[in-house]
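Open your viewer and colour by chain. This tour goes from the interface to a helix, then to a couple of loops.

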Number of protein chains: 2
Amino acid sequence: MHVSEPEAKALHAKLSQWGPLSAANWEKLLALAEPRSLAKQEFWSEPSKPVEHFAIVRSGLVRHFYVDARGRESVKAFRGPGEFSAPYAELIQRKPSRTFIQALAPTELLTFEVTGFDALAENSLELQRLARRFVEQHFVAKEQREYEFLQLSAEQRYQQFCAERPEHLSHIPQHQVASYIGITPVALSRIRARVAKSSRRT
Amino acid sequence: MHVSEPEAKALHAKLSQWGPLSAANWEKLLALAEPRSLAKQEFWSEPSKPVEHFAIVRSGLVRHFYVDARGRESVKAFRGPGEFSAPYAELIQRKPSRTFIQALAPTELLTFEVTGFDALAENSLELQRLARRFVEQHFVAKEQREYEFLQLSAEQRYQQFCAERPEHLSHIPQHQVASYIGITPVALSRIRARVAKSSRRT
DNA sequence: TGGCCGCGTTATCCCGGGTTAAGAAGTGGA
DNA sequence: TCCACTTCTTAACCCGGGATAACGCGGCCA
């Protein structure tokens, strides 16, 4: 056991949001957990490595991102305490990863081996249901993001981000926020200048 | 029973892609199915109506789209024979729909009541697992779309669409393809002109 | 048959954002 | 402490794509 009693309780409560999770199953899940520490800037997932673990962030902050052929990065997600971190699509497809995951600050993870989880879940109605609800919520989040790219301007996407993740704003370098909303750092800087000027006039 | 024996077999095979599906469960599912016909241009889902059904397209073609406050449409998806059609995110969240679904041609659907399916699945390991795999694939598809918006230009997105859905190209009005890839009809026309010119030179 | 409408194309003008470059401010390591 | 690096900003220039409008074409209906 690598997790303190109160933390285990908190995690159990968190997971129970998605559906019932018996004490017995929670015990078995917890037995799979391996803690892992990341230094600032350290990677815990890189392309072409097979995906063998997923993780919950205990503390700190990570970013998920792609890098294209010309070396340009596109940030897919930021994940903080209590949130899930993994190259999820590749894990689902059992394909080698094409995403990087990097710590933006000293970070503590709780990692779980995929095969271990699958073995547990294979014959458990409860865990299948939990896993289903879990993916469903991630699906909804992706669809929300699709909506933002289809219907919102870059400026609106930025304001949406500020409104939704205020806790991250001060810890994430601005050029990575720009990447997350699909524009360049220079463009975001201009947008911020525009917004600041118009709100000063108001 | 509203479905012919061979069609039922084909559907069973299709669903079995996602995982095992016993004959007994398939019978029960099939008993929930209600056929529905749509005329060209007809809607079968509209915003603010509660979502009570999902569907499989038997024949024809539908589009899923948003409409913003200024009346501008953004196409989320096209779905043809054998594919799933529903305001899925809203169905997951049990929220009133914010998407339109409209037939682009005379279309035959097989609809299923959500509550009926849920009741069936609630205590079935097999159906939970099937549903989980199903959402997982949809999640992967959304992430692929996120990737395209983050890393590809409009022209690349268009070529990607042509390569992936060639069977739809001739049946979908071009301005809706434009909307799907996130640009205006005028812009798509220009892109096509550009591509045609450069490929003529080659 | 004639008129109408939806669709695609093209032209013009404009704007948002990409690109490049330079400089200022902050940060961390030797 | 000082130097190097990262981050952010600003400016200049360019380009893709948005907005609008005009035109042509084909389908549809009276």
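How many salt bridges are there between chain B and chain A? The count is 10, a salt bridge being a side-chain nitrogen of Lys or Arg within 4 Å of a carboxyl oxygen of Asp or Glu. Before you go hunting for them, note that this is a predicted model, where local features need pLDDT of at least 70, side-chain atom pairs count only at pLDDT 80 or more, and totals for chains, interfaces and linings use all residues. Residues are numbered from 1 along each chain as its sequence is written, chains are lettered from A and ligands numbered from 1 in the order in which they are written, and side-chain values use heavy atoms, with hydrogens and water left out.

**Stop 1: the interface**

Select Lys142(B) and Glu143(A): they form a salt bridge, with the closest N and O atoms 3.4 Å apart. Now pick out α5(B), which gives the most to the side of chain B that touches chain A, with 21 residues. (Helices are DSSP runs of H or I, at least four residues, and strands are runs of E, at least two, numbered from the N terminus.)

Widen the selection to the whole contact, meaning heavy atoms within 4.5 Å: 44 residues of chain B meet 44 residues of chain A. Show Arg132(B), Phe139(B) and Leu150(B) as sticks; in chain B they lose the most area to chain A, together 18% of what that side buries. Between them the two chains bury about 3800 Å², 60% of it on carbon and sulfur atoms. That is accessible area (1.4 Å probe) lost on putting the two parts together, summed over both.

**Stop 2: helix α2 of chain B**

Select residues 23-32 of chain B, helix α2. Its buried residues are Asn25(B), Trp26(B), Leu29(B) and Leu30(B), where buried means under 20% relative accessible area, exposed over 50% and partly exposed in between (1.4 Å probe, protein chains only). They sit on the same side of α2(B) because they cover an arc of only 135 degrees around the axis, taken from the directions from the helix axis to the C-beta atoms. Add α1 (5-16), β8 (107-113), α4 (114-122) and α5 (125-151) of chain B to see what those residues pack against.

**Stop 3: two loops**

Go to Ser48(B), in the loop between β2 (43-45) and β3 (53-59) of chain B. Phi of Ser48(B) is near 70 degrees, a positive value in a residue other than glycine, and Ser48(B) is exposed, with a relative accessible area of 60%. Finish at Arg94(A), in the loop between α3 (88-93) and β7 (100-103) of chain A, where phi is also positive, near 50 degrees.
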